[in-house]
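Q: Please take a close look at the ligand site. Describe what surrounds the ligand, then set the site in its wider context.

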Amino acid sequence: MQVSKPLVLASVALASFSCLAQASEKTGAAQAEPAAAASRVAATPPMGWNSWNFFARKVTEQDIRNAADQMVATGMKDAGYIYINIDDTWEGERDSSGVLHTNSKFPDMKALADYVHSKGLRLGIYSGPGTKTCAGYAASLDHEAQDAQMYASWGIDYLKYDLCSFRTDVMGAKAPNDEAEQMRMMVAAYDKMGKALKAAGRPIVYSLCQYGWDAPWEWAPALGGNLWRTTGDVQANWGSIYNIINQQAGLAKYAGPGHWNDPDMLEVGNGRLTLAENRSHFSMWAMLAAPLLAGNDLPNMKPEIKAILTNSDVIAIDQDELGHQASHIYSDGEVDVWSRPLSGGAMAVAVLNAGSDRVATHPFHLSLSKLGLHGAQKGKDLWSGQEVTLTDDMPIELKSHDTLLVRIASAK
Ligand code: GLA
(Lines give C-alpha, C1' and ligand atoms only; values in the text may rest on other atoms or scores of the structure.)
Protein backbone atom coordinates (compact mmCIF):
# COMPACT_ATOMS: atom_id res chain seq x y z
CA MET A 1 0.00 0.00 0.00
CA GLN A 2 1.12 3.53 -0.65
CA VAL A 3 1.73 5.34 2.62
CA SER A 4 0.45 8.84 2.23
CA LYS A 5 -0.10 9.66 5.86
CA PRO A 6 2.24 9.23 8.78
CA LEU A 7 3.15 5.63 9.36
CA VAL A 8 2.33 4.90 12.97
CA LEU A 9 4.05 2.06 14.74
CA ALA A 10 1.99 -0.35 16.77
CA SER A 11 1.20 1.29 20.08
CA VAL A 12 3.73 0.60 22.72
CA ALA A 13 2.67 -0.75 26.05
CA LEU A 14 5.08 -0.09 28.82
CA ALA A 15 5.94 -3.29 30.59
CA SER A 16 8.19 -3.93 33.50
CA PHE A 17 10.03 -7.14 33.84
CA SER A 18 11.57 -8.52 36.95
CA CYS A 19 15.31 -8.21 37.03
CA LEU A 20 16.82 -11.08 38.89
CA ALA A 21 20.08 -10.77 37.06
CA GLN A 22 22.54 -9.80 39.78
CA ALA A 23 24.56 -10.93 39.82
CA SER A 24 34.23 -34.12 38.83
CA GLU A 25 34.93 -33.45 35.36
CA LYS A 26 34.66 -36.73 33.43
CA THR A 27 36.35 -37.13 30.12
CA GLY A 28 35.42 -39.57 27.41
CA ALA A 29 35.29 -40.01 23.67
CA ALA A 30 34.34 -36.83 21.90
CA GLN A 31 30.61 -36.64 21.26
CA ALA A 32 29.69 -37.08 17.64
CA GLU A 33 29.12 -33.64 16.14
CA PRO A 34 25.46 -32.62 16.48
CA ALA A 35 23.54 -33.34 13.32
CA ALA A 36 23.05 -29.70 12.44
CA ALA A 37 26.78 -28.91 12.58
CA ALA A 38 27.69 -26.57 9.80
CA SER A 39 30.68 -27.41 7.68
CA ARG A 40 31.83 -23.90 8.41
CA VAL A 41 31.76 -22.71 12.01
CA ALA A 42 29.59 -19.61 12.46
CA ALA A 43 28.75 -19.22 8.75
CA THR A 44 25.95 -16.98 10.04
CA PRO A 45 25.99 -15.19 13.41
CA PRO A 46 25.69 -17.77 16.22
CA MET A 47 22.26 -17.96 17.86
CA GLY A 48 21.54 -19.35 21.29
CA TRP A 49 21.28 -18.46 24.96
CA ASN A 50 23.91 -17.63 27.57
CA SER A 51 23.53 -17.89 31.34
CA TRP A 52 25.21 -14.65 32.42
CA ASN A 53 22.65 -11.89 31.82
CA PHE A 54 19.98 -13.58 33.91
CA PHE A 55 21.70 -15.97 36.33
CA ALA A 56 25.17 -14.39 36.60
CA ARG A 57 27.13 -16.30 39.28
CA LYS A 58 24.18 -18.36 40.46
CA VAL A 59 23.89 -20.59 37.41
CA THR A 60 23.75 -24.36 38.01
CA GLU A 61 23.66 -27.45 35.85
CA GLN A 62 19.90 -27.66 36.41
CA ASP A 63 19.45 -24.13 35.04
CA ILE A 64 21.34 -25.18 31.90
CA ARG A 65 19.18 -28.30 31.50
CA ASN A 66 16.07 -26.18 31.99
CA ALA A 67 17.31 -23.69 29.40
CA ALA A 68 17.82 -26.54 26.92
CA ASP A 69 14.34 -27.89 27.63
CA GLN A 70 12.80 -24.46 27.22
CA MET A 71 14.72 -23.75 24.04
CA VAL A 72 12.87 -26.67 22.50
CA ALA A 73 9.49 -26.19 24.23
CA THR A 74 9.20 -22.48 23.37
CA GLY A 75 10.02 -22.92 19.70
CA MET A 76 13.25 -20.96 20.05
CA LYS A 77 15.25 -23.90 18.77
CA ASP A 78 13.06 -24.03 15.68
CA ALA A 79 13.60 -20.29 15.27
CA GLY A 80 17.36 -20.93 15.08
CA TYR A 81 18.65 -20.69 18.66
CA ILE A 82 21.07 -23.59 18.92
CA TYR A 83 23.78 -22.82 21.49
CA ILE A 84 23.26 -23.16 25.24
CA ASN A 85 26.24 -21.36 26.70
CA ILE A 86 27.45 -21.69 30.27
CA ASP A 87 29.17 -18.45 31.27
CA ASP A 88 31.46 -17.90 34.25
CA THR A 89 31.34 -19.83 37.58
CA TRP A 90 31.34 -23.49 36.45
CA GLU A 91 35.04 -23.91 37.28
CA GLY A 92 36.52 -25.78 40.23
CA GLU A 93 40.20 -26.37 41.07
CA ARG A 94 43.08 -27.86 39.09
CA ASP A 95 44.49 -31.16 40.35
CA SER A 96 48.19 -32.05 40.55
CA SER A 97 48.17 -32.98 36.84
CA GLY A 98 46.78 -29.57 35.94
CA VAL A 99 43.37 -30.96 35.04
CA LEU A 100 40.66 -28.42 35.78
CA HIS A 101 37.69 -29.90 37.62
CA THR A 102 34.19 -28.50 37.64
CA ASN A 103 32.73 -27.14 40.88
CA SER A 104 29.78 -28.64 42.75
CA LYS A 105 27.23 -26.64 40.72
CA PHE A 106 28.27 -28.64 37.62
CA PRO A 107 28.85 -32.22 38.79
CA ASP A 108 29.22 -33.84 35.37
CA MET A 109 29.99 -31.69 32.32
CA LYS A 110 30.13 -34.62 29.88
CA ALA A 111 26.69 -35.80 30.95
CA LEU A 112 25.40 -32.23 30.60
CA ALA A 113 26.85 -31.95 27.10
CA ASP A 114 25.25 -35.27 26.18
CA TYR A 115 21.91 -34.02 27.47
CA VAL A 116 22.10 -30.74 25.54
CA HIS A 117 23.17 -32.60 22.39
CA SER A 118 20.29 -35.06 22.80
CA LYS A 119 17.96 -32.09 22.29
CA GLY A 120 19.67 -31.21 19.01
CA LEU A 121 21.38 -28.25 20.69
CA ARG A 122 25.03 -27.37 21.28
CA LEU A 123 26.87 -26.53 24.48
CA GLY A 124 29.12 -23.54 25.10
CA ILE A 125 31.57 -22.88 27.91
CA TYR A 126 33.63 -20.00 29.28
CA SER A 127 37.24 -19.37 30.29
CA GLY A 128 39.97 -16.79 29.87
CA PRO A 129 43.68 -16.40 29.19
CA GLY A 130 44.61 -15.26 32.73
CA THR A 131 44.86 -17.16 36.01
CA LYS A 132 41.33 -16.12 37.00
CA THR A 133 38.06 -15.42 35.26
CA CYS A 134 36.19 -12.18 35.84
CA ALA A 135 34.27 -13.82 38.69
CA GLY A 136 37.53 -15.06 40.25
CA TYR A 137 37.38 -18.71 39.16
CA ALA A 138 40.25 -20.70 37.63
CA ALA A 139 41.11 -19.69 34.04
CA SER A 140 43.40 -21.19 31.41
CA LEU A 141 46.82 -19.51 31.73
CA ASP A 142 49.52 -22.12 30.93
CA HIS A 143 46.85 -24.81 30.50
CA GLU A 144 45.44 -23.77 27.14
CA ALA A 145 46.04 -27.03 25.24
CA GLN A 146 44.94 -29.15 28.19
CA ASP A 147 41.73 -27.17 28.61
CA ALA A 148 40.95 -27.15 24.87
CA GLN A 149 41.36 -30.93 24.73
CA MET A 150 39.11 -31.32 27.74
CA TYR A 151 36.41 -29.15 26.16
CA ALA A 152 36.61 -31.27 23.00
CA SER A 153 36.39 -34.48 25.03
CA TRP A 154 33.27 -33.20 26.80
CA GLY A 155 31.70 -32.26 23.47
CA ILE A 156 31.85 -28.50 23.90
CA ASP A 157 30.84 -26.53 20.79
CA TYR A 158 31.56 -22.90 21.74
CA LEU A 159 34.14 -21.13 23.91
CA LYS A 160 33.84 -17.57 25.23
CA TYR A 161 37.35 -16.52 26.21
CA ASP A 162 37.36 -13.52 28.54
CA LEU A 163 40.45 -11.36 29.12
CA CYS A 164 39.88 -10.48 32.81
CA SER A 165 42.86 -11.21 35.05
CA PHE A 166 45.25 -11.55 32.09
CA ARG A 167 45.39 -7.75 32.25
CA THR A 168 47.03 -7.77 35.66
CA ASP A 169 48.57 -11.29 35.72
CA VAL A 170 50.48 -10.88 32.49
CA MET A 171 50.05 -7.58 30.66
CA GLY A 172 50.41 -5.35 33.71
CA ALA A 173 53.00 -7.56 35.43
CA LYS A 174 55.30 -8.06 32.45
CA ALA A 175 55.05 -4.73 30.64
CA PRO A 176 53.70 -2.22 33.15
CA ASN A 177 54.74 0.83 31.16
CA ASP A 178 54.39 -0.39 27.61
CA GLU A 179 50.83 -0.38 26.34
CA ALA A 180 51.74 -1.57 22.85
CA GLU A 181 53.61 -4.55 24.29
CA GLN A 182 50.63 -5.30 26.53
CA MET A 183 48.40 -5.43 23.47
CA ARG A 184 50.81 -7.75 21.66
CA MET A 185 50.66 -10.07 24.68
CA MET A 186 46.88 -9.99 24.58
CA VAL A 187 46.78 -10.89 20.88
CA ALA A 188 49.32 -13.68 21.46
CA ALA A 189 47.17 -15.09 24.28
CA TYR A 190 44.11 -15.23 22.03
CA ASP A 191 46.21 -16.77 19.27
CA LYS A 192 47.41 -19.45 21.66
CA MET A 193 43.91 -20.57 22.56
CA GLY A 194 42.85 -20.33 18.90
CA LYS A 195 45.59 -22.79 17.99
CA ALA A 196 44.77 -25.03 20.96
CA LEU A 197 41.14 -25.24 19.87
CA LYS A 198 42.15 -26.10 16.34
CA ALA A 199 44.53 -28.78 17.59
CA ALA A 200 41.79 -30.25 19.79
CA GLY A 201 40.11 -31.36 16.58
CA ARG A 202 36.49 -30.42 17.22
CA PRO A 203 34.65 -27.51 15.55
CA ILE A 204 34.32 -25.02 18.43
CA VAL A 205 33.04 -21.47 17.92
CA TYR A 206 35.73 -19.16 19.28
CA SER A 207 34.33 -16.04 20.94
CA LEU A 208 36.80 -13.35 22.02
CA CYS A 209 35.72 -11.27 24.98
CA GLN A 210 38.18 -8.44 25.53
CA TYR A 211 35.72 -5.55 25.34
CA GLY A 212 36.87 -4.25 21.95
CA TRP A 213 40.37 -3.25 23.04
CA ASP A 214 42.87 -2.51 20.31
CA ALA A 215 40.47 -3.04 17.41
CA PRO A 216 39.97 -6.83 17.60
CA TRP A 217 38.06 -6.70 14.29
CA GLU A 218 41.44 -6.13 12.63
CA TRP A 219 43.28 -9.10 14.12
CA ALA A 220 40.78 -11.58 15.57
CA PRO A 221 39.70 -13.30 12.31
CA ALA A 222 43.29 -14.22 11.43
CA LEU A 223 43.71 -16.16 14.65
CA GLY A 224 40.48 -18.09 14.25
CA GLY A 225 38.13 -15.77 16.13
CA ASN A 226 34.53 -16.27 15.03
CA LEU A 227 33.30 -13.28 17.02
CA TRP A 228 34.81 -10.57 19.16
CA ARG A 229 33.23 -8.18 21.59
CA THR A 230 33.29 -4.60 20.36
CA THR A 231 32.36 -2.91 23.65
CA GLY A 232 32.17 -3.23 27.42
CA ASP A 233 29.37 -5.19 29.07
CA VAL A 234 25.77 -4.59 28.02
CA GLN A 235 23.27 -3.72 30.77
CA ALA A 236 19.51 -4.20 30.73
CA ASN A 237 18.73 -0.52 30.26
CA TRP A 238 18.17 1.66 27.21
CA GLY A 239 21.17 3.92 27.84
CA SER A 240 23.55 0.98 27.69
CA ILE A 241 21.91 -0.54 24.62
CA TYR A 242 21.80 2.72 22.66
CA ASN A 243 25.38 3.52 23.59
CA ILE A 244 26.48 0.14 22.22
CA ILE A 245 24.49 0.63 19.00
CA ASN A 246 26.30 3.91 18.37
CA GLN A 247 29.68 2.27 18.88
CA GLN A 248 28.99 -0.14 15.98
CA ALA A 249 28.99 2.55 13.29
CA GLY A 250 31.97 2.01 11.02
CA LEU A 251 32.46 -1.68 11.81
CA ALA A 252 30.38 -3.15 8.97
CA LYS A 253 33.28 -4.01 6.73
CA TYR A 254 34.85 -6.27 9.36
CA ALA A 255 31.90 -8.68 9.63
CA GLY A 256 31.18 -11.60 7.35
CA PRO A 257 30.57 -15.35 7.27
CA GLY A 258 32.67 -17.00 9.99
CA HIS A 259 33.71 -13.75 11.69
CA TRP A 260 31.36 -11.32 13.41
CA ASN A 261 31.40 -8.15 15.47
CA ASP A 262 29.80 -8.91 18.84
CA PRO A 263 28.02 -5.99 20.53
CA ASP A 264 27.40 -8.36 23.51
CA MET A 265 24.55 -10.66 24.41
CA LEU A 266 20.86 -9.83 24.32
CA GLU A 267 19.05 -8.25 27.26
CA VAL A 268 15.65 -8.75 25.59
CA GLY A 269 13.19 -9.57 28.39
CA ASN A 270 15.51 -8.38 31.17
CA GLY A 271 15.44 -5.35 33.44
CA ARG A 272 12.81 -2.67 32.85
CA LEU A 273 13.14 -2.37 29.09
CA THR A 274 9.86 -1.30 27.48
CA LEU A 275 8.45 -3.37 24.63
CA ALA A 276 9.64 -0.67 22.22
CA GLU A 277 13.13 -0.90 23.68
CA ASN A 278 13.12 -4.68 23.49
CA ARG A 279 12.02 -4.47 19.84
CA SER A 280 14.65 -1.87 19.02
CA HIS A 281 17.38 -3.85 20.78
CA PHE A 282 16.48 -6.97 18.80
CA SER A 283 15.99 -5.04 15.53
CA MET A 284 19.39 -3.41 15.78
CA TRP A 285 21.24 -6.59 16.77
CA ALA A 286 19.70 -8.20 13.67
CA MET A 287 20.73 -5.22 11.54
CA LEU A 288 24.24 -5.48 12.96
CA ALA A 289 24.56 -9.18 12.01
CA ALA A 290 25.25 -9.69 15.70
CA PRO A 291 25.32 -13.04 17.46
CA LEU A 292 21.81 -13.50 18.90
CA LEU A 293 22.46 -14.91 22.35
CA ALA A 294 19.36 -14.50 24.46
CA GLY A 295 20.02 -13.95 28.15
CA ASN A 296 16.58 -14.03 29.69
CA ASP A 297 14.70 -16.31 32.10
CA LEU A 298 13.48 -18.87 29.57
CA PRO A 299 11.13 -20.86 31.85
CA ASN A 300 9.30 -17.62 32.73
CA MET A 301 9.44 -15.88 29.37
CA LYS A 302 6.44 -13.61 28.72
CA PRO A 303 4.56 -14.16 25.44
CA GLU A 304 5.42 -10.69 24.16
CA ILE A 305 9.12 -11.37 24.75
CA LYS A 306 8.90 -14.73 23.01
CA ALA A 307 7.21 -12.99 20.08
CA ILE A 308 10.16 -10.63 19.78
CA LEU A 309 12.87 -13.28 20.12
CA THR A 310 11.18 -15.62 17.64
CA ASN A 311 10.17 -13.09 14.98
CA SER A 312 11.34 -15.07 11.96
CA ASP A 313 11.43 -12.05 9.63
CA VAL A 314 13.78 -10.20 11.96
CA ILE A 315 15.92 -13.28 12.53
CA ALA A 316 16.19 -13.68 8.74
CA ILE A 317 17.77 -10.22 8.57
CA ASP A 318 20.38 -11.25 11.13
CA GLN A 319 21.03 -14.58 9.46
CA ASP A 320 21.13 -13.33 5.87
CA GLU A 321 23.69 -15.44 4.05
CA LEU A 322 25.63 -12.47 2.67
CA GLY A 323 26.55 -11.50 6.23
CA HIS A 324 26.70 -7.76 5.47
CA GLN A 325 26.39 -5.81 8.69
CA ALA A 326 24.32 -2.60 8.68
CA SER A 327 25.85 0.83 8.34
CA HIS A 328 24.66 4.00 9.95
CA ILE A 329 23.41 6.05 6.99
CA TYR A 330 22.27 9.28 8.62
CA SER A 331 20.65 10.85 11.65
CA ASP A 332 18.08 13.60 11.71
CA GLY A 333 17.66 15.04 15.16
CA GLU A 334 17.20 12.10 17.46
CA VAL A 335 16.25 9.66 14.70
CA ASP A 336 18.87 7.30 13.29
CA VAL A 337 18.64 5.49 9.95
CA TRP A 338 20.64 2.32 9.31
CA SER A 339 20.54 -0.03 6.34
CA ARG A 340 22.09 -3.29 5.22
CA PRO A 341 22.10 -5.06 1.88
CA LEU A 342 20.54 -8.53 1.86
CA SER A 343 20.86 -11.44 -0.52
CA GLY A 344 18.74 -11.45 -3.67
CA GLY A 345 18.82 -7.67 -4.08
CA ALA A 346 16.81 -7.04 -0.92
CA MET A 347 17.61 -4.41 1.70
CA ALA A 348 16.76 -3.85 5.36
CA VAL A 349 16.15 -0.35 6.68
CA ALA A 350 15.88 0.52 10.37
CA VAL A 351 14.57 3.88 11.53
CA LEU A 352 15.23 4.25 15.27
CA ASN A 353 13.84 7.03 17.43
CA ALA A 354 16.31 7.53 20.26
CA GLY A 355 14.41 10.52 21.63
CA SER A 356 10.89 11.21 22.80
CA ASP A 357 7.73 10.58 20.78
CA ARG A 358 7.46 11.91 17.21
CA VAL A 359 3.80 12.52 16.64
CA ALA A 360 1.79 13.85 13.70
CA THR A 361 2.67 17.48 14.37
CA HIS A 362 6.37 16.90 13.73
CA PRO A 363 6.92 13.45 12.28
CA PHE A 364 10.28 12.31 11.05
CA HIS A 365 10.65 12.46 7.24
CA LEU A 366 12.52 9.65 5.51
CA SER A 367 15.07 10.45 2.82
CA LEU A 368 15.24 7.66 0.26
CA SER A 369 18.05 9.32 -1.66
CA LYS A 370 20.30 9.21 1.40
CA LEU A 371 19.68 5.46 1.41
CA GLY A 372 20.69 5.29 -2.26
CA LEU A 373 17.11 4.44 -3.27
CA HIS A 374 15.12 5.92 -6.12
CA GLY A 375 11.34 6.05 -6.16
CA ALA A 376 8.77 4.15 -4.14
CA GLN A 377 10.05 0.97 -2.49
CA LYS A 378 7.72 -1.90 -1.66
CA GLY A 379 8.52 -3.70 1.55
CA LYS A 380 7.29 -5.31 4.75
CA ASP A 381 7.17 -3.75 8.20
CA LEU A 382 8.70 -6.63 10.14
CA TRP A 383 7.03 -5.78 13.47
CA SER A 384 3.46 -5.15 12.25
CA GLY A 385 3.73 -7.71 9.45
CA GLN A 386 2.05 -5.19 7.13
CA GLU A 387 3.08 -4.42 3.58
CA VAL A 388 4.41 -0.89 3.28
CA THR A 389 5.67 1.34 0.51
CA LEU A 390 8.46 3.68 1.44
CA THR A 391 8.37 6.96 -0.46
CA ASP A 392 10.77 9.87 -0.45
CA ASP A 393 10.16 12.38 2.32
CA MET A 394 7.39 10.26 3.80
CA PRO A 395 6.42 11.18 7.35
CA ILE A 396 6.95 8.49 9.97
CA GLU A 397 5.69 8.67 13.53
CA LEU A 398 7.84 6.80 15.99
CA LYS A 399 7.20 6.19 19.64
CA SER A 400 10.07 6.87 21.97
CA HIS A 401 12.86 4.30 21.56
CA ASP A 402 10.91 2.37 18.94
CA THR A 403 12.20 1.17 15.58
CA LEU A 404 10.54 0.84 12.21
CA LEU A 405 12.21 -2.14 10.58
CA VAL A 406 11.42 -2.69 6.90
CA ARG A 407 12.60 -5.34 4.47
CA ILE A 408 12.55 -4.04 0.93
CA ALA A 409 12.20 -7.06 -1.34
CA SER A 410 13.86 -5.55 -4.36
CA ALA A 411 15.76 -2.36 -3.60
CA LYS A 412 15.95 0.13 -6.47
C1 GLA B 1 32.85 -10.20 31.89
C2 GLA B 1 32.13 -10.43 30.56
C3 GLA B 1 30.69 -10.79 30.83
C4 GLA B 1 30.62 -12.05 31.70
C5 GLA B 1 31.42 -11.83 32.98
C6 GLA B 1 31.55 -13.13 33.77
O7 GLA B 1 32.35 -9.09 32.56
O8 GLA B 1 32.22 -9.31 29.73
O9 GLA B 1 29.99 -11.02 29.60
O10 GLA B 1 31.15 -13.14 30.98
O11 GLA B 1 32.72 -11.36 32.72
O12 GLA B 1 32.31 -12.99 34.92
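A: The ligand site comes first, then the whole chain, then three individual residues.

This is a predicted model: local features need pLDDT of at least 70, side-chain atom pairs count only at pLDDT 80 or more, and totals for chains, interfaces and linings use all residues. Numbering starts from 1 along each chain as its sequence is written, and side-chain values use heavy atoms, with hydrogens and water left out.

Around the ligand there are 13 residues. A residue is near if one of its heavy atoms lies within 4 Å of the molecule. Asp87, Asp88, Lys160, Asp162 and Asp233 come nearest.

Now the polar contacts, each a pair of N or O atoms within 3.5 Å. Asp88 places a polar side-chain atom 2.8 Å from a ligand oxygen. For Lys160, a side-chain N or O atom is 2.8 Å from an oxygen atom of the ligand. Arg229 has a polar side-chain atom 3.2 Å from a ligand oxygen. Taken alone, the ligand exposes 310 Å². The protein buries 93% of that area. Accessible areas come from the Shrake-Rupley method with a 1.4 Å probe; for residues, only the protein chains shown count as cover.

Next, the whole protein. It has twelve helices and 19 strands. These are DSSP runs: helices are H or I with at least four residues, strands are E with at least two, numbered from the N terminus. The C-alpha trace spans about 75 × 50 × 35 Å along its principal axes. Of the 412 residues, 57% are buried. Buried means under 20% relative accessible area, exposed over 50%, and partly exposed in between (1.4 Å probe, protein chains only). The protein exposes about 15,700 Å², and carbon and sulfur atoms supply 51% of it.

Three residues complete the picture. Lys77 sits in helix H3 (residues 76-79). Lys77 counts as partly exposed because its relative accessibility is 26%. From Lys77 to Ser207 is 130 residues in sequence and 21 Å in space, C-alpha to C-alpha.

Asp214 lies in the loop between strand S8 (205-209) and helix H8 (216-219). Its phi is positive, about 55 degrees, although Asp214 is not a glycine. With a relative accessible area of 44%, Asp214 is partly exposed.

Asp264 is in the loop between strand S10 (260-262) and helix H10 (275-287). Asp264 also has a positive phi, near 90 degrees, in a residue other than glycine. At 3% relative accessibility, Asp264 counts as buried.

Terms used:
Polar contact = N/O pair within 3.5 Å; in protein donor to acceptor, adjacent residues only side chain to side chain.
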